[in-house]
Amino acid sequence: MKRSLFVQKISSYLRAAEQWYLQTPERSLDEAYKAALMIKAIEDEHFNGKKIAPASANHGDSVMTYFQSELKKQLKTVRIRLAEFKATRSVLSSPNQNITKLAKNNGTTPVKDSFAIQSTNNSSLILEKLRFIDEVLAKYTFTENTSSSLVSPPLVNLEPTTVINQQTSDNNLNKKTQSKAEGTGVLPRSILRTINRLKNELDPSSEDEFVKKFRTSQRKTLISVRLLLLFIIVPFLTHQLSKILVISPVVDHWLTPKKDTIFLNYEMEERALIEMQKFEEKLKFENLMNEAGDIIPERMETQMKKKVYEIAGEFRAESANAIKNIFADILAVGAFSWLILVSKREIAVLKDFLDQIVYGLSDSAKAFIIILFTDIFVGFHSTHGWEILIENISRHLGLPESRQFIFLFIATFPVILDTMFKYWIFRYLNRISPSAVATYRNMNE
């Protein structure tokens with residue numbers, strides 16, 4: 001009895017898996033159709049039924065970035081689901097065979113006729129969905145045979161990666177062919193560009209286009225400057241306000257009863273002892289220079305105790321300030337991270353803005369900036385700057401100024417930074433602006 005129940009469960013699971021696999025082509029086609037409907041809805045609502053492109057509607061750069069990312073996601077879904085539809089459709093048996101089997105089992109002709117009618121309706125619905133998908137994909141593909149192959153009768157077994165790689169290779173081939181065609185013209189391209197520029201300047205409608213580009217550039221500049229100011233002001237205000245309003249009262253209340261907590265590390269204690277020795281030597285020097293006579297030992301001891309209390313108060317305040325800085329820095333970093341997470345679109349605009357500024361510089365200006373930054377951070381005299389920077393960071397956080405760590409950092413980090421910078425020049429800058437690299441080498445020599 002138990003064995004029969006187990007066999008029945010296994011059989012039900014197998015039937016459910018078989019049913020799920022038999023429905024895979026229809027399910028894949030429905031998902032591709034829904035993705036195509038999403039693209040069509042965006043076109044109708046925001047681009048007047050035209051292709052999703054900057055020329056089809058008047059949108060800002062951040063809005064176009066969102067639409068382009070949504071378009072890429074839906075196109076990827078369409079292509080992958082179509083490839084899954086082809087692969088599963090080619091493996092499964094034809095619907096007519098399933099109809100014949102069902103009719104033989106039942107032995108009734110009307111059932112066969114109803115299945116035939118249902119199969120015909122399904123085929124027409126599949127063709128309608130494929131035609132709609134082809135109309136949407138035709139706007140965003142460069143190959144002419146892509147749309148026709150989606151509805152062709154022979155369904156071959158293609159993997160999604162094969163489809164994507166084939167489209168990528170076709171796009172690269174078209175770009176190469178187009179660049180060769182542009183390079184081999186009757187007239188030089190510079191003359192053609194000059195003629196087109198004059199034509200655009202004489203065109204009365206070019207003023208509206210110029211104003212539109214200027215407004216777009218102005219919005220981009222305002223967004224970028226505002227984001228840069230927020231990156232500076234928000235962490236700074238978070239650090240200062242949290243330190244003054246929240247952290248300082250808590251830390252002061254916590255350290256008040258603990259009078260023995262004066263030094264956070266041994267380096268503070270050494271500095272306090274050095275200051276005490278200097279004060280004691282100063283008193284002895286004044287005693288020797290005093291013509292009236294020797295200073296009374298009790299008076300000297302009183303001055304020493306007064307100085308000890310003063311030094312202890314200073315270092316207790318410095319220790320408390322270091323603890324406050326740690327918590328305030330954590331909150332400032334959290335505010336900066338939150339600002340990055342909520343400003344992804346503005347960061348994309350800022351990146352485009354900075355790219356335009358950097359690429360708009362002349363080759364000599366690029367070489368000058370590169371040499372300036374390399375000499376400051378990885379140059380021969382940069383070790384002193386790194387040493388001062390690490391010492392200030394250590395005192396800010398209340399950490400001991402370990403000379404071994406500072407020397408090890410100076411001996412390794414600038415070297416690694418210099419290697420990465422040279423690799424960036426060789427790998428990227430040499431490809432983007434080779435003339436700037438040549439100018440940099442000439443100036444560096």
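## Contacts along the chain and overall make-up

In this predicted model, residues that lie 24 or more positions apart account for 74% of the contacts in the chain with a separation of 6 or more. The chain holds 16 helices and zero strands, and of its 445 residues, 24% are buried.

## Two residues and their distant partners

Leu339 has its place in helix α11, and it counts as buried because its relative accessibility is 5%, which falls under the 20% limit for that class. When its neighbours within four places in sequence are left aside, Leu339 is in contact with Leu230, Phe231 and Val234. Leu227 also belongs in this picture, since the C-alpha atoms of Leu339 and Leu227 are 9.2 Å apart in space although the two residues are 112 residues apart in sequence.

Trp254 is placed in helix α9, which covers residues 206-255. With a relative accessibility of 46%, Trp254 counts as partly exposed, a class that lies between the 20% limit for buried and the 50% limit for exposed. Along the chain Trp254 and Ala320 are 66 residues apart, and their C-alpha atoms are separated by 9.7 Å.

## The packing of α11 and α12

Two packed helices are described by the angle between their axes and by the distance between those axes. Helix α11, made of residues 297-342, packs against helix α12, made of residues 344-360, at an angle of about 85 degrees, and the two axes are 5 Å apart. The two helices α11 and α12 are therefore roughly perpendicular to each other, as angles from 65 to 115 degrees are counted in that way.

On the side of α11, the residues that take part in this meeting are Ile340, Leu341 and Val342, and on the side of α12 they are Lys344, Glu346 and Ile347. Sorted by class, the contact of α11 with α12 has four nonpolar residues, two charged residues and no polar ones.

## The enclosed cavity

Rolling a probe the size of a water molecule over the atoms shows where empty space is left. In this model the count comes to one cavity of 30 Å³ or more, and the largest cavity has a volume of about 30 Å³. Its lining is formed by Asn265, Glu267, Met268, Arg271, Glu318, Ser394, Arg395, Gly398 and Leu399.

Helices α10 (266-289) and α14 (382-397) each supply at least two residues of the lining of the largest cavity, and the largest share, three residues, comes from α10. By class, this lining has four charged, three polar and two nonpolar residues.

## The second largest pocket

The second largest pocket contains about 460 Å³ of space. It is lined by 18 residues, and those closest to its centre are Val358, Ile369, Ile370, Phe421 and Trp424.

At least two residues of the lining of the second largest pocket come from each of the helices α12, α13 (363-377) and α15 (403-432). In terms of class, the lining of the second largest pocket has 14 nonpolar residues, together with two polar and two charged ones. Helix α12 thus appears in two parts of this account, as it packs with α11 and also supplies residues to the lining of the second largest pocket.

Terms used
Residues numbered from 1 in each chain as written. Predicted model: local features only at pLDDT ≥ 70, side-chain atom pairs only at ≥ 80, totals over all residues. Heavy atoms only, no water. Axes fitted to C-alpha atoms, helices over the stretch in contact; angles between N-to-C directions. Helix = DSSP H or I, 4+ residues; strand = E, 2+ residues; numbered from the N terminus. Parallel < 35°, antiparallel > 145°, perpendicular 65-115°, else oblique. Contact = heavy atoms within 4.5 Å. Nonpolar A, V, L, I, M, F, W, Y, C, P; charged D, E, K, R; others polar. 1 Å grid on protein atoms, 1.4 Å probe; cavity = no way out; pocket = protein on both sides within 12 Å on 5 of 7 lines; lining within 4 Å. Points joined across faces, edges and corners; volume = space filled by probe spheres on them. Buried < 20%, exposed > 50% of the residue type's maximum accessible area, 1.4 Å probe, protein only.
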